[in-house]
Amino acid sequence: MERKVDTIIALATARGRGALAVIRVSGEQSHQIVERSICEKRKFSGSKPGMLKRYTMIHESGDELDEVTAVKYQRPRSFSGEDMVELICHGGEEIVREVLGRLVSAGARYAGRGEFTRRAFENGKTDLVRAEAINQIVNARSIEGAGGAVQAYFGGYEDRIARWEDLLVQTIGHIETIIEFGEEEDIEECGATDSAVGGIETVIREAEEEIERRNRLLEAEKGIEIVLVGPPNAGKSTLFNRILGYERVLVHEERGTTRDSVSERIRIGGVNSYIIDTAGVRYADNEVEKMGVERTWDYVRRSGVIVWVTAANEKFIEEELRILNECAHRKNIIGVVNKVDQSEGSKKGEWFRQEGIECLYTSALRKKTTGNLVEAIGKMVAEIAKHRDSNTIIWSERQEEVVLRMIDYLRNGRARFPNQMEIIAQQCREGLGCLEEFRGKRTTDDILDGVFQ
Ligand code: GDP
């Protein structure tokens, strides 16, 4: 990282074309640098912090560059804790480049990754957990991911961490009492040892629940997988395209055109998901086909929603029934009897219903029927998302590692030295240290580099 006194700039809005773009300038020279780059110097130097005003940005030559609005902040009352300016210019890619270039020629330099937030952290404007929450808010790919990170930003983790700290402090207290009075009375026999360490069990259990919720959150961030499976030529690729609303996959008369799987991101039922078109389920007679079919199996095993597509005008094939029988008990499966413009397909529909599987009749050539399918998938996806308890306090790999380490200390102390109270108390102290780390109170430069980059 460069010297702290440098004045840094960065585009705060997304790169690309837009009506407006926001550029942030932070550092000792930020006010002077902006003043140098605009026409109305007096107006800017005389404006109060927090006041938004319009200025003409100029080239070094004095020619107009863009019309901007700017607001200045006086340290320490700014995001980074330093003197800052936020500039709003027009959002064209070229103009943004020009404005940034102008600020550099006036004395600023481009910020490194996470440098603004790191300065905010170093100036006490944010703590580590909030900095991590900001990162998650910006990068979240699911509503759970974004919403939970906002809670973390506002300190949503505090209660839980404080509860664990209380439990561990109480445990240490109990153990110290036992050690002090243990010789006079046989405390272990009257169960005091168990009650002393009961708090440890609670912390371990709750911490493990947090880790589970974190895993569910990571799943949610990946998106729910909706997989289209069925025999070749049933109309999977055509339905895939219909659902996505555009031609994504080559649709062909010849059987087995979709040799491998194709996936696309889709927002359906209000949830970010993936939809996957798989190679047809059939007897594979060469290596490439075998690999394709094997991958389809993998998708079936792990997917959130299985859409089983089969043609109304054909019988179930052997391979199809084999897989269907194995996954029919799953709740997340929708049976689709496609090509109903060719044949009724009621026997197949009957089969699905007897297995307790929701069944839809579609013709990929008719919009209305595919609309029903989109609706059914959306409902299922929304239901899965609703029951996914991913409201965790763990928002970064760093926090996860710290919680796992705490669990290790607590579990090892108790398991390996069940009667050595001193050691158990020491492990509790280590656990407390982890919680301090969680809050970002104990850090090293390596940890900080990891977080801010
Ligand atoms: P996949 O192998 O399961 O992916 O099947 P495709 O989507 O490639 O479709 C195979 C053939 O069936 C293509 O010629 C499609 O145009 C046709 N097809 C797909 N759905 C329907 C349908 O509902 N009705 C009719 N008549 N043809 C369809």
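This passage describes helix packing, nonpolar cores and selected residues in a predicted model.

The largest nonpolar core of the model has 31 residues. Within this core, the residues with the most contacts are Trp-164, Met-406, Leu-410 and Phe-438. Helices α7 (158-181), α8, α14 (397-416) and α15 each supply at least two residues of the core, and the largest share, 8 residues, comes from α15. A second, separate core of 27 residues includes Ile-226, Ile-266, Leu-373 and Ala-385.

The contacts of Met-406 illustrate how parts of the chain come together. Residues up to four places away in sequence being left out, Met-406 touches Trp-164, Val-203 and Ala-207, as well as Gly-431, Cys-434 and Leu-435.

Helix α15 covers residues 421-438. Its 18 residues, at 1.5 Å a residue, should span 26 Å, and the end C-alpha atoms are 26 Å apart, so the expected and modelled spans agree. Buried residues of α15 include Met-421, Ile-424, Ala-425, Gln-427 and Cys-428. Farther along the helix, Gly-431, Leu-432, Gly-433, Cys-434, Leu-435, Glu-437 and Phe-438 are also buried. Just after α15, Gly-440 adopts a positive phi of about 85°.

Thr-202 is located in helix α8, which runs over residues 192-222. Its relative accessible area is 19%; buried means under 20%, and Thr-202 is therefore classed as buried. Apart from neighbours within four places in sequence, Thr-202 is in contact with Arg-163 and Leu-167.

Two packed helices are described by the angle between their axes and the distance between the axes. For helix α5 (residues 128-139) and helix α16 (residues 445-452), the angle is about 25° and the axes are 10 Å apart. Angles under 35 degrees count as roughly parallel, and α5 and α16 are therefore roughly parallel to each other. On the α5 side, the contact is made by Leu-128, Ala-131 and Glu-132; on the α16 side, Leu-448, Val-451 and Phe-452 take part. By class, this contact has 5 nonpolar residues, no polar residues and 1 charged residue.

Gly-270 lies in the loop that joins β8 (262-268) and β9 (271-277). With a relative accessible area of 43%, Gly-270 is partly exposed. Gly-270 and Ser-26 are separated by 244 residues in sequence, and the distance between their C-alpha atoms is 38 Å.

Terms used:
Residues are numbered from 1 along each chain as its sequence is written. This is a predicted model: local features need pLDDT of at least 70, side-chain atom pairs count only at pLDDT 80 or more; totals for chains, interfaces and linings use all residues. Side-chain values use heavy atoms; hydrogens and water are left out. Axes are lines fitted to C-alpha atoms, for helices over the stretch in contact, and angles run from 0 to 180 degrees between N-to-C directions. Helices (H or I, at least four residues) and strands (E, at least two) are DSSP runs, numbered from the N terminus. Angles under 35 degrees count as roughly parallel, over 145 as roughly antiparallel, 65 to 115 as roughly perpendicular and the rest as oblique. Contact means heavy atoms within 4.5 Å. Ala, Val, Leu, Ile, Met, Phe, Trp, Tyr, Cys and Pro count as nonpolar, Asp, Glu, Lys and Arg as charged, and the others, Gly among them, as polar. Buried means under 20% relative accessible area, exposed over 50%, partly exposed in between (1.4 Å probe, protein chains only). The expected span of a helix is 1.5 Å times one less than its number of residues. A nonpolar core is a set of buried Ala, Val, Leu, Ile, Met, Phe, Trp, Tyr and Cys residues joined through side-chain atoms within 4.5 Å.
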